[in-house]
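Work through the exercises below with the model open. Each task is followed by a stepwise solution.

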Amino acid sequence: MVGKNSVLSRRDMLASSAPALAAADSGPAETFDSLTRLATQIFRAPMGMVSLLDGDRQWFRSHIGLDETSVPREGSFCHHAALEGAAVFEVCDTLRDPRFAAYAYVVAPPHVRYYAGALLRSSEGEPLGTLCVADTSPRPPMDDTARAQLRTLASAVESAIQLGHELRVRREADARIAEQARTLEIAEQAASLGHWRLDRDSGVSHWSDGVFDIHGLPRAAAPPSFEDALALYHPDDQRLIQEMVARAWRTGIGFDTPLRLRRASDGAERWVRTRAQADSDAKGRPSALLGVIQDITEERRALTELRASEARYRLLADNCHDILLRIDRDGVVRYASPSCRQLGYAPEDVAGRHLTEFLPGQHRKDAANALLDLFNATHTGSAKTRDYPVVAADGSIVWLEGASTIVRDINGEAVEMVSVFRDVTARRELEARLQAAAEAKTVFLANMSHELRTPLTSILGFSSLLATIPELPTLAAQHVGRITAAGQALLALINDVLDFSKLEAGQIQLEPAPADVPRLLEEVRDILSVQAAVKGIDLTVDAQMAEPKRLLDDLRLRQILVNLTGNAIKFTDHGSVTLRVRETGGPEAPALRVEVIDTGPGIPQDRQERLFKRFSQVDGSVTRRHGGSGLGLSISRELVELMGGRIGVESQEGQGAVFWLEAPAPVVNETNAKDSAVAAPASASAALRGRILIVDDHPMNRELVRLFLASPGLEIDEAEDGQQALAFATAQRYDLVLMDVNMPVLDGLAATSAIRATCPLNVGAPIVALTAQTGPEIEQKCFDAGMDAVLAKPIQPHDLIALASHAMAPADVAGAA
């Protein structure tokens, strides 16, 4: 019940509500209802209540004559009773009391006109609420007897509240104890653990379920006696247990030791650890032993395996020639294997030092950063193997090849690094020698190529000029033909050796370009027609193609076909050799199959697989009869494989042979087509007009080029080195400069760069390299120096004339070409 005014502040009300909160559920409802009913009967009141204060409300633990269960606390009768603190708070006429005259319960049903409430207090004396009676009519003040009776009933309510509170606290305590016991039981099960107690005087033991489980005994059974339990342990440990228990009774000192027991359920031997402490009585005498027991069988097995593994690891580390290191996150070496002695260090000299201390000074900062990155990386696995320069104990530099693995904990955090190092100083020295040898080989081949191709240029060039003389005697013409054939054979051998070297070094790169395949086969036929005619062999081409224009490296394909066809002519004494091409692969993966078919002696089946191996012939007698380096087919195979194709042979002895190759060959379209220069006929030299500068240190080469280009409309100057060429280019404008690369005084590359930089008259003049060296590397050097094209020696007349015609053509004609 509430009135209009509030005297307590909200803070006070909240503070005073704490005991009521605790009493809210205290005691059985029947007790409070009985006391409320007794109060209404004694005081003949139509209304009675046990009201409790709770926060900002007053609620009724029991009530008679009212329907509400709670009302606002502020200004309530109970609140005022608690505020005044009197044993009994009485309002005889509410309408005459300004505190309650306007209260709804007074002016409206139930029309409370009289109120008397005995204050309820906690055991600490704090107000909880009231036991009160109310009437719809005013009453005179209670006498002392009535007040005492109401106070007595209130005391009974307080006792019921206190009793209920104590029961609730006890239930909560019991629940906590039960939960703790359950938690302990779960923990014991998870840890294979149990706890026990042994009383000294009675000899009675108490075992938890975990102890029963460890010993292999049923939980429902009573703990065995000390003697029976002792019998479960290993005979060698029984005496130890007796001694430890006796000492504990005597001195009060506990024990902690591993023991062996034989489990009762299955007879299995288990390792356990027992820990015990003595509990003393009031006189300080040990009266009981409290202990825990834990099954450590798996732990000991793991420890045994770990020790065995560590022993194997140390045996390996101690006898391994590789250096093993363990390095912490700070880069400090924590373990070094004995093999570090090969660097002059003892293991104890390495351990405890930072890893970078063993590197040369200029490498330490980068190594420290790399170490930090390795520990901070999130990926797992080993770091990439690399070589490190290491300072040995004597100050010398030793190269070690090392790989490291990051070791992580169960949370994935990097904790240390394990590194393995191997001395590769000898290997690096060998690699350096091999590299030097390879470079020397390259230089040697380049020089030999130059020295061989230079005279071949004269041999083949002048022999080709001799062959064009109409009045040449028949015998002389035959000699010229033999000179030309021998020169071509020597050139083929040189090319095979150079290509073999380049393929071995991976220096050959394909240069696909639009090519007319039937025309390419006809060119091969034309190149080898003289050889075929000499032997009386028909050399034919079968090239029926729906899409003759293909994207491929025509230079390398021509080289392969010349080799295959030349071999067929070489080994065929009569009959024919046919070059045939067929389209394969379909529109999705267009390809070509080219076959060289001969009517020669055939190849035995057991010798065919040797054909495409380096320096290999079918037999030595064939080599002696027909010659050859044994490189041609090997080079052809590697070139075809470089194209993404394959090569092979089909033959039976006495029935000829079919050498074939299959390779991808996309059809030329608007996307992959590109312009190409139109070769000029040999007769085009007569139409050349302008001024040409020929630069070569060999007079015969200069003469040969001049003869190839002989034309009434040409003015030709000659220079024997780059220095003379630079002087000519400074004084005279040229329409074409033919520049040898290897020359004394000033080579062709340096001369070209100087002309481009210092000769205004010839800054844009076409400069073509004439070089006995071949390959992408020398070509790139020529282009970098400022040259426009490269022509390899020996020089072919039609190639030279075609290139000169294109270079010296008027701008509009050259652009159209």
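**Exercise 1. Describe helix α15: its span, bend, ends and packing.**

Step 1, span. Helix α15 covers residues 517-535, 19 residues in total. From first C-alpha to last it reaches 26 Å, close to the 27 Å expected at 1.5 Å a residue. The expected span is 1.5 Å times one less than the number of residues. Helices (H or I, at least four residues) and strands (E, at least two) are DSSP runs, numbered from the N terminus.

Step 2, bend. At L528, α15 bends by about 50 degrees. That is the angle between axes fitted to the seven residues ending there and the seven starting there.

Step 3, ends. D516 caps the N-terminal end, with a side-chain oxygen 3.2 Å from the backbone nitrogen of R519. Just after the helix, G536 has a positive phi of about 70 degrees.

Step 4, packing. V517, P518, L520, L521, V524, L528 and A532 are buried (under 20% relative accessible area, 1.4 Å probe, protein chains only). The buried residues of α15 pack against β17, β18, β19, α16, β20 and β21.

Conventions: this is a predicted model, where local features need pLDDT of at least 70, side-chain atom pairs count only at pLDDT 80 or more, and totals for chains, interfaces and linings use all residues. Residues are numbered from 1 along each chain as its sequence is written, and side-chain values use heavy atoms, leaving out hydrogens and water.

**Exercise 2. Is E416 buried or exposed, and which side chain does E416 meet in a polar contact?**

Step 1. Locate E416 in strand β16, residues 414-423.

Step 2. Relative accessibility is 16%, so E416 counts as buried.

Step 3. The E416 side chain makes a polar contact with the side chain of R326 at 3.2 Å. The criterion is a pair of N or O atoms within 3.5 Å; within protein, one must be able to donate a hydrogen and the other to accept it, and residues adjacent in sequence count only if both atoms are side-chain atoms.

**Exercise 3. Which residues touch the most other members of the largest nonpolar core?**

Step 1. A nonpolar core is a set of buried Ala, Val, Leu, Ile, Met, Phe, Trp, Tyr and Cys residues joined through side-chain atoms within 4.5 Å.

Step 2. Of the 40 residues, L561, L564, F659 and L661 touch the most other members.

Step 3. Elements that each supply at least two residues include α15, α16 and β23.

**Exercise 4. What is the average pLDDT of the chain?**

Step 1. pLDDT is the predictor's confidence in each residue, from 0 to 100.

Step 2. The average is 83, and 83% of the residues score at least 70.

Note on methods: Buried < 20%, exposed > 50% of the residue type's maximum accessible area, 1.4 Å probe, protein only. Contact = heavy atoms within 4.5 Å.
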